[in-house]
Amino acid sequence: MLYTVKEVSEILKTNVSYVHTLRKSGLLPFIKLGTYKVRHETLQEFLAKYENYDLTDPEHIKSLTENRESDNNKNCEAATSAAVKASR
């Protein structure tokens with residue numbers, strides 16, 4: 001099964017321009033048969049590969065879990081520091 005750019009944008013709940021950005025960056029490979037199309041399998045692989053990643057800016061992909069771990073570590077460090085100060 002093949003999806004058009006518009007169909008991919010509807011599936012991803014984003015706009016056509018963003019899908020073209022994913023295509024141009026090479027993150028989501030397309031074929032051109034008159035217009036750009038992507039295979040169903042390719043789209044599924046893309047979604048699985050980038051699960052837990054922030055693709056808002058495809059040029060600067062960020063891990064969502066890494067950010068949470070970093071925030072948790074900062075919160076733990078702050079709580080530990082506050083506990084040490086309170087015990088003095």
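Student: Is Lys-6 buried or exposed, and what is its relative accessible area?

Tutor: The model is a predicted one. Accessibility is read against cut-offs: a residue is buried under 20% relative accessible area and exposed over 50%. In this structure Lys-6 has a relative accessible area of 51%, so it is exposed.

Student: Which residue does the side chain of Lys-6 meet in a salt bridge?

Tutor: A salt bridge pairs a side-chain nitrogen of Lys or Arg with a carboxyl oxygen of Asp or Glu within 4 Å. Here the partner of Lys-6 is Glu-10, with an N to O distance of 2.9 Å. Glu-10 itself is partly exposed, at a relative accessible area of 45%.

Student: How many residues apart are Glu-10 and Lys-6 in helix H1?

Tutor: They are 4 residues apart, which means a separation of about one helical turn.

Student: How many salt bridges are there by this rule?

Tutor: The count is 2. Besides the pair in H1, Arg-39 forms a salt bridge with Glu-41, and their closest N and O atoms are 3.6 Å apart. Arg-39 is partly exposed at 40% relative accessible area, and Glu-41 is partly exposed at 39%.

Student: Now to helix H2. Which of its residues are buried?

Tutor: H2 covers residues 16-25, and Val-19, Leu-22 and Arg-23 are buried in it. Looking down the helix axis, these buried residues fall within an arc of 100°, so they line one face of H2. Ser-17 and Lys-24, on the other side of H2, are exposed.

Student: What covers the buried residues of H2?

Tutor: The cover includes helix H1 (5-12), strand S3 (35-39) and helix H3 (40-49).

Student: What should I look at around the ends of H2?

Tutor: Look at the side chain by the start and the backbone just past the end. At the start of H2, a side-chain oxygen of Asn-15 comes to within 3.2 Å of the backbone nitrogen of Ser-17. Just after H2, Gly-26 has a positive phi of about 85°.

Student: Helix H3 was part of that cover. Is Thr-42, which lies in H3, buried or exposed?

Tutor: Thr-42 is at 12% relative accessibility, so it counts as buried. To see what lies against such a residue, set aside the neighbours within four places in sequence; Thr-42 is then in contact with Leu-28 and Pro-29.

Student: Where is Tyr-53, and what does it touch beyond four places in sequence?

Tutor: Tyr-53 is in strand S4 (residues 53-54). Not counting residues up to four places away, Tyr-53 touches Ile-61, Lys-62, Ser-63 and Leu-64. For one of these partners, Leu-64, compare sequence with space: Tyr-53 and Leu-64 are 11 residues apart in sequence and 5.1 Å apart C-alpha to C-alpha. Tyr-53 is partly exposed, with 39% relative accessible area.

Student: Which residues form a nonpolar patch on the surface?

Tutor: A residue needs over 30% relative accessible area to be part of a patch. Leu-2, Ile-31 and Leu-33 form a nonpolar patch here, and together they have about 260 Å² of accessible area. Leu-2 lies in strand S1 (residues 2-4). Its relative accessibility is 39%, so Leu-2 counts as partly exposed.

Terms used
Residues are numbered from 1 along each chain as its sequence is written. This is a predicted model: local features need pLDDT of at least 70, side-chain atom pairs count only at pLDDT 80 or more; totals for chains, interfaces and linings use all residues. Side-chain values use heavy atoms; hydrogens and water are left out. Buried means under 20% relative accessible area, exposed over 50%, partly exposed in between (1.4 Å probe, protein chains only). Helices (H or I, at least four residues) and strands (E, at least two) are DSSP runs, numbered from the N terminus. The arc is that of the directions from the helix axis to the C-beta atoms. Contact means heavy atoms within 4.5 Å. A polar contact is a pair of N or O atoms within 3.5 Å; within protein, one must be able to donate a hydrogen and the other to accept it, and residues adjacent in sequence count only if both atoms are side-chain atoms. Patches are made of residues with over 30% relative accessible area and no salt bridge: like charges are joined within 9 Å, nonpolar side chains (Val, Leu, Ile, Met, Phe, Trp, Tyr) within 5 Å. Accessible areas come from the Shrake-Rupley method with a 1.4 Å probe; for residues, only the protein chains shown count as cover.
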